[in-house]
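Me: Hi! Could you walk me through the pockets and the surface of this one?

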Amino acid sequence: MINYLLAPLKLEKVSEKKSLLFFLSMGAFFHFLAPLFSEGFHRLDEQTGILRFLALKLGTLSETDMIAEYPMKIRPWLQPAFYYLFAKPLQLVGLENPFHLAWVLRATSSFIGLFSLGVFYLSSRTFLQKESSRIVFLYFLFTLWFLPFFHARTTAENLGISLFLIGMTPILARRNSVPWTVPAPLALISGIIFALSFVLRFQMSVMIFFSVLWFPLFGKMKWSSFFTISVGI
């Protein structure tokens, strides 16, 4: 175990395959602990702009308890609706304790965050030719202490960035030929996931636009793939 915990210093004693298994397991462990021991909120918007809207849909809050954005209709709808899919069945079977429901939602967000890291690594590892470089990349991707903390939060930023990384996966898992294209079905799926990320947090549009635009401008991706992704969005 010590070789993996010190992987950047002991590259000759570890392999990428075993390192991936180790760090995925360690990441899963801390992504399980983070929702369990997290409490309150990191940003007030996590409560007022998401969980309170969910509580209104569940019938545990009334419209008089809502913030000003509710009558103005300027809050994104997608994240409370997504959480409702998990919270409502639990409510129907008698799990109405808001702290328990909050844990379920944090655990759901945490799992999505961990999944986004895993698929992001698997798709982007081809950009690194040396196995030692991939091990270092893997090491720092799964040992940044604040990632399990943020992934356990029910914030729009957290879920939006997780979907952004998942949406990048079909693009990063590219062919070796130059110039290269993303298969049209995958490009459409990528665009749809980017769109969901945008709906969760409108500011994600800046990250999505310039990240995707980089590939035809500098990454030698054909413009046809860029337009297909745009159609998906």
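Reply: Happy to; here are some notes on pockets first and the surface after. This is a predicted model, where local features need pLDDT of at least 70, side-chain atom pairs count only at pLDDT 80 or more, and totals for chains, interfaces and linings use all residues. Residues are numbered from 1 along each chain as its sequence is written, and side-chain values use heavy atoms, with hydrogens and water left out.

Me: What volume does the largest pocket have?
Reply: About 480 Å³. A pocket here is an open set of points on a 1 Å grid over the protein atoms alone, where a 1.4 Å probe fits, with protein on both sides within 12 Å along at least five of seven lines; lining residues have an atom within 4 Å of a point.

Me: Which residues are closest to its centre?
Reply: Gln47, Leu51, Pro98, Phe99 and Ala102, out of 21 that line the largest pocket.

Me: And which helices supply at least two residues each of that lining?
Reply: Helix 3 (45–58), helix 5 (78–92) and helix 6 (98–124). Helices are DSSP runs (H or I, at least four residues), numbered from the N terminus.

Me: What about the second largest pocket, how big is the volume?
Reply: About 260 Å³. Leu147, Phe150, His151, Asn158 and Ile161 are the closest to its centre, among 17 lining residues.

Me: Which helix gives the most there?
Reply: Helix 9, with five residues.

Me: Switching to the surface: is Leu9 buried or exposed?
Reply: Leu9 is exposed (over 50% relative accessible area, 1.4 Å probe, protein chains only), because its value is 68%. Leu9 is found in the loop between helix 1 (2–5) and helix 2 (16–37).

Notes
Points joined across faces, edges and corners; volume = space filled by probe spheres on them. Buried < 20%, exposed > 50% of the residue type's maximum accessible area, 1.4 Å probe, protein only.
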